[in-house]
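Trainee: Got a minute to walk me through this one? I'd like to start with the surface.

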Amino acid sequence: MASDEVVSLNDVSDSSLQEGYSLSVNGVLVSPTGVFSARFYPVGDNAYCFSIWFTEPSCNRDSCTIVWMANRDFPVNGVRSKLWLQTTGNLVLTDAGPRSIAWSTHTASLSSTELILLDTGNLVLRSLNGVILWQSFDSPTNTLLPSQRFNKDVQLVSSRTPTNFSSGFYKLFFDNDNLLRLLYDDSEVTSVYWPTPWLPPWLTNRFPYNSSRFAFLDSLGKFTSSDNLSFVSADYGVRLQRRLALDFGLFVADKKLVWRLFDRRQSLAPV
């Protein structure tokens, strides 16, 4: 099959997409046991973002629990837009035609490839011999899932509002001093506000001398970071599908944290 030839799949409900094929706006990938779904999600009038969300409970446009978006800042048209796995090993999101690319993994492979949605919520582009070329876990949006590694090379960025999924003003990241920090960043103000910048790390029980810069959320509800930050959910110990989400700023006026730990039922677990 030529690299510029697209075979469209309109209503796929498999967990994988093979090279040379594409997924239309009406198509869907479902993880092997049905925990997660991936498809084009409507974010406006005739505007779509390719997204991953919890399959259950069933949801509509305003109630899906989105955990990842490919093109959150560049929605595509609902007509003729496709997610296309090229025979070159590159995954591209085309906007109303193959010549207009809204998003891409910028990958290449001489071996055959496939795109697969795992039950962890990770969307993985890999060769058929198991080499991972790209994965959504390495480019999160505003959400961290269990088994997803958070390190110095990634950050969480909030949405603008509950219904505007474009990149917002709050960022969670590892700073150069090895501490996990929250930053407010808009066109007029850029400021680290947590942990309190003028306090020495040891007064906030943080440890800057571990340069690994690594954090992890487990399936029981515990978040652990290499800078000694640790907390557990109110229902810690119960094995549920969980997520850690960076909020869009509901509590900023009180200078409280703007991240939340949820279980799959979306009940708020204080942290």
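Mentor: Sure, method up front: accessible areas come from Shrake-Rupley with a 1.4 Å probe, and for residues only the protein chains shown count as cover. On that basis the protein exposes about 13100 Å², with carbon and sulfur atoms supplying 50% of it.

Trainee: Anything I should know about the model itself?

Mentor: This is a predicted model, so local features need pLDDT of at least 70 and side-chain atom pairs count only at pLDDT 80 or more, while totals for chains, interfaces and linings use all residues. Residues are numbered from 1 along each chain as its sequence is written, and side-chain values use heavy atoms, leaving out hydrogens and water.

Trainee: How many helices and strands are there in the protein?

Mentor: Zero helices and 26 strands. Those are DSSP runs numbered from the N terminus: H or I of at least four residues for helices, E of at least two for strands.

Trainee: And what share of the residues is buried?

Mentor: 49% of the 271 residues. Buried means under 20% relative accessible area, exposed means over 50%, and partly exposed is in between (1.4 Å probe, protein chains only).

Trainee: Which residues does Ala 38 touch?

Mentor: Leaving aside residues up to four places away in sequence, Ala 38 touches Leu 23, Gly 27, Val 28, Leu 29, Phe 50, Ser 51, Ile 52 and Leu 117. A contact here is heavy atoms within 4.5 Å. Ala 38 is found in strand β5 (residues 36–44), and its relative accessible area is 0%, so Ala 38 counts as buried.

Trainee: Where is Asp 73, then?

Mentor: In the loop between β7 (66–69) and β8 (76–77). Asp 73 has a relative accessible area of 38%, so it is partly exposed. With residues up to four places away not counted, Asp 73 touches Ser 166 and Ser 167. The C-alpha atoms of Asp 73 and Ser 166 are separated by 4.9 Å, though the two residues are 93 apart along the chain.

Trainee: What about contacts across the whole protein, how many are between residues at least 24 apart?

Mentor: 40% of the contacts between residues at least 6 apart in sequence.

Trainee: Switching topic: any odd backbone geometry?

Mentor: Most residues other than glycine have a negative phi, and most peptide bonds are trans. Asn 178 has a positive phi, near 75°, and is found in the loop between β18 (167–174) and β19 (180–185). Asn 228 has a positive phi too, near 85°, and lies in the loop between β22 (222–225) and β23 (230–232). Then there's a cis peptide bond joining Trp 194 and Pro 195, with omega about -10°. Pro 195 lies in the loop between β20 (190–194) and β21 (214–217).

Trainee: Is Asn 178 buried or exposed?

Mentor: Buried, because its relative accessibility is 11%.

Trainee: Which residues form the aromatic cluster?

Mentor: Phe 169, Tyr 170, Tyr 184 and Tyr 193 form one. Rings of Phe, Tyr and Trp (its six-membered ring) pair if their centres lie within 6.5 Å, and the count comes to 14 aromatic pairs.

Key: Rings of Phe, Tyr and Trp (its six-membered ring) pair if their centres lie within 6.5 Å; planes under 30 degrees apart count as stacked, over 60 as edge-to-face and the rest as tilted.
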